[in-house]
Amino acid sequence: MPRFSVIVPVYQVQEYLTECLDSVLGQGGPDLELIAVDDRSPDGCGAMLDGAAARDPRVRVLHLPENVGLGRARNAGLAVATGEYVVFLDSDDTLTPGLLKAVDDRLAAGGDPDILVYDYARTYAEGRITRAASAHVFGAASPEVFGLAARPDLLDLLQVVWNKAYRRGFITEQGLTFPAGYYEDTPWTYPALLAAASITLLDQVGVHYRQRQEGGNILATASRKHFDVFAQYDLVFAFLDGRPDLDHWRPVVYGRMLHHLNTVVSRPGRIPPGDRREYFRRAAAHCARLRPAGYRPPAGVAGLRTELLSQGCYGTYQTVRALGRARRLVGR
């Protein structure tokens, strides 16, 4: 049994795939298997993966019969994984050198906890590398191994699946799977962190997260598929419905959900202009159904915006945004 299963879903990344695969296979240290899932990629990725498998027995390639999307491609890789720990990596990103050795050392020191979290850096086409703004979270004083109650600030991190190593037995115990659609990381990461009995941190950049040019990131593409965010949070709260012992987390998760819903609608190029009023109507109905009794909005403009969104007040929300932009212009 290898120590790590690195699962890489692959779709239309021919330009970046070799660098991604090399970053995994060049890790050294503990045993690993690389499970590459060809999500019916229309370019040359499938042949590139077969070539990598012919050269390195640690590579296993799954060719899916049809395109199923990122989440379900990960599920396909997870179904055949045999490693003690699972690491997910997107096929246009890379692992940093020596990461898995550092992860293995930290896991062993902590008695093989359920989850290990590491940091990431954004990389840009001109060669610039910028560590994420979350660096302070990893540098803060913390027990070596803890439950989420000791470090609730982990929920303030970007909730992505690819900055963590998961004990495969924990994944099975919790029945974690990825849904279809956009924002598929959301119903995985929240339940995983909430349910984990043991978490540890590695204060190290583990992933270089490529900032691709316009059109390379589907989340930066205007589409009604961004409405998937509502269904993904329904899955998070359905998980909480089945775990009354975690009920005290509802106000926190609700607040993070509101922040996320606001990010989706406030970032340019996500919700098509003609669909923004509908998004606000959906948000109001969604929040009215899920709002927990103990929730208190944050103070300041950020809290005002999320409250306006949760009430579906599209016109007032737009006015507040315009005033904010005007104040920033005056300040400059």
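Residue D104 lies in helix α4, which spans residues 99-109; helices (H or I, at least four residues) and strands (E, at least two) are DSSP runs, numbered from the N terminus. The structure is a predicted model, in which local features need pLDDT of at least 70 and side-chain atom pairs count only at pLDDT 80 or more, while totals for chains, interfaces and linings use all residues. Residues are numbered from 1 along each chain as its sequence is written, and side-chain values use heavy atoms, with hydrogens and water left out.

With a relative accessible area of 19%, D104 is buried; here buried means under 20% relative accessible area, exposed over 50%, and partly exposed in between (1.4 Å probe, protein chains only). Leaving aside neighbours within four places in sequence, D104 is in contact with R3, F4 and P30, contact meaning heavy atoms within 4.5 Å. D104 also belongs to a network of salt bridges that links R3, E84, D104 and D112. A salt bridge is defined as a side-chain nitrogen of Lys or Arg within 4 Å of a carboxyl oxygen of Asp or Glu.

By this rule, 23 salt bridges are counted. Side chains of opposite charge can pair when their charged atoms come close. In one salt bridge, between E19 and R210, the closest N and O atoms are 2.9 Å apart. Because E19 lies in helix α1 and R210 in strand β9 (residues 199-210), this pair ties together parts that are 191 residues apart in sequence. E19 counts as partly exposed, at 45% relative accessibility. Strand β9 also contributes to a salt bridge between D203 and R131, with an N to O distance of 2.8 Å. D203 lies in β9 and R131 in strand β7 (residues 129-131), so the pair ties together parts that are 72 residues apart in sequence. Partial exposure applies to D203, at 45% relative accessibility, and to R131, at 34%.

A further salt bridge is formed by D275 and R224, whose closest N and O atoms are 3.2 Å apart. This pair links distant parts of the chain, 51 residues apart: D275 is in the loop between α9 (250-266) and α10 (276-290), and R224 is in the loop between β9 and α8 (228-241). D275 counts as buried at 15% relative accessibility, whereas R224, at 42%, counts as partly exposed.

Strand β9 is mostly covered, with nine of its twelve residues buried. Two strands are taken to pair if DSSP finds at least two bridges between them. Strand β5 (residues 94-95) runs antiparallel to β9 and is joined to it by two bridges; the partner of L95 in β9 is V207. Strand β6 (residues 115-123) runs parallel to β9, with nine bridges between them. In this pairing, Y120 of β6 has V207 as its bridge partner in β9.

Helix α2 (residues 45-55) has buried residues at C45, G46, L49 and A52. These residues are on the same side of α2 because they cover an arc of only 120° around the axis, the arc being that of the directions from the helix axis to the C-beta atoms. On the other side of α2, A47, A54 and R55 are exposed. The buried residues of α2 pack against β1 (4-10), α1 (17-25), β2 (32-38) and β3 (59-63). One of these residues, L49, has a relative accessible area of 0%. Not counting residues up to four places away in sequence, L49 touches V10, L17, L21, A36, D38, V59 and V61. The C-alpha atoms of L49 and L21 are separated by 8.9 Å, and the two residues are 28 residues apart along the chain.

In helix α3 (residues 70-80), the buried residues are G71, A73, R74, A76, G77 and L78. They pack against β1, β2, β3, β4 (85-88), α6 (168-174) and α7 (186-195).

In soluble globular proteins, nonpolar side chains tend to be buried together. A nonpolar core is a set of buried Ala, Val, Leu, Ile, Met, Phe, Trp, Tyr and Cys residues joined through side-chain atoms within 4.5 Å. The largest such core in this model has 104 residues, and those with the most contacts inside it are F88, V103, W188 and Y279. Apart from residues up to four places away in sequence, W188 touches L78, F88, V161, Y166, I171, L176, T177 and F178.
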